Amino acid sequence: MEQQKAPRIAVYPGSFDPITNGHMDIIQRASRQFDKLIVAVLNNLSKKPLFTVEERKELISTVTGHLPNVEVDSFRDLLVNYVDYRKADVIVRGIRSVTDFEYELQLASLNHQLNHNVETIFMMTNPKYSYLSSSVVKEIAYFKGDLGDLVPNEIEQALRKKYEDMPKPQ
């Protein structure tokens, strides 16, 4: 009798304020590698996000709706505690540059020190997104620049609305 394997669950954490095409590339590729991929929105108390956690979760759910094994959640805890809570095996992190790698290697080492059962895998970003970050996207949106190749259409619309409703500094 064949023993059934436990599903392989990965967590892709981030602030996703907002989610970009670079994030989407990692999500699509990681969703093919695991039975379940949890896109976990970090509720970072030290940042002033443009979108609330709930708005980010809703936006991510909208743009990942075509991926049946992707779940969107949020957390406000140590990542390793959240990974344990979700019974995940792996943390997925995207790498754009050598600078990202140095920072992510430190985080992965720290997470492994805190919980020896948690593995981190790095996925190299598609080179066409290597320059892309949420902060760059927000700045371009603020100045009404072209976001066509940077974010999904639904995210562009949400950014336009957010900045349309926001008073401009004098």
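This report describes the nonpolar cores, two helices and the largest pocket of a predicted model.

Residues are numbered from 1 along each chain as its sequence is written, and side-chain values use heavy atoms, with hydrogens and water left out. Because the model is predicted, local features need pLDDT of at least 70 and side-chain atom pairs count only at pLDDT 80 or more, whereas totals for chains, interfaces and linings use all residues.

**Cores**

The largest nonpolar core (buried Ala, Val, Leu, Ile, Met, Phe, Trp, Tyr and Cys residues joined through side-chain atoms within 4.5 Å; buried is under 20% relative accessible area, exposed over 50%, partly exposed in between, with a 1.4 Å probe and protein chains only) has 35 residues, and those with the most contacts inside it are I19, I27, L37, V92 and L159. Two or more residues of this core come from each of β1 (9-14), α1 (21-31), β2 (36-42), α2 (53-64), β3 (70-75), β4 (90-95), α5 (134-142) and α6 (153-165), where helices (H or I, at least four residues) and strands (E, at least two) are DSSP runs numbered from the N terminus. Another core, of twelve residues, lies apart from it and includes A40, V80, I91 and V118. Leaving aside residues up to four places away in sequence, L159 is in contact (heavy atoms within 4.5 Å) with P18, L50, F51, V137, K138, A141 and L147.

**Helices α2 and α4**

The expected span of a helix is 1.5 Å times one less than its number of residues.

| Helix | Residues in helix | End-to-end C-alpha distance | Expected span |
|---|---|---|---|
| α2 | 12 residues | 16 Å | 16 Å |
| α4 | 17 residues | 24 Å | 24 Å |

In α2, the buried residues are V53, R56, K57, L59, I60, V63 and T64; seen down the axis they fall within an arc of 165 degrees, so they line one face of the helix, the arc being that of the directions from the helix axis to the C-beta atoms. Their cover includes α1, β2, β3 and α6, while the face turned away carries the exposed residues E54 and E58.

In α4 (residues 98-114), D100, E104, A108 and N111 are buried, and they cover an arc of only 65 degrees, which puts them on the same side of α4. What covers them includes α3 (79-85), β4 and β5 (119-124), and the face of α4 turned away from its buried side carries the exposed residues V98, T99, E102, Q106 and Q113.

**Largest pocket**

The largest pocket is lined by 45 residues, of which P13, G14, S15, R93 and E104 lie nearest its centre. The largest share of this lining, eight residues, comes from α4. A pocket is defined on a 1 Å grid over the protein atoms alone, as an open set of points where a 1.4 Å probe fits, with protein on both sides within 12 Å along at least five of seven lines, and lining residues have an atom within 4 Å of a point.
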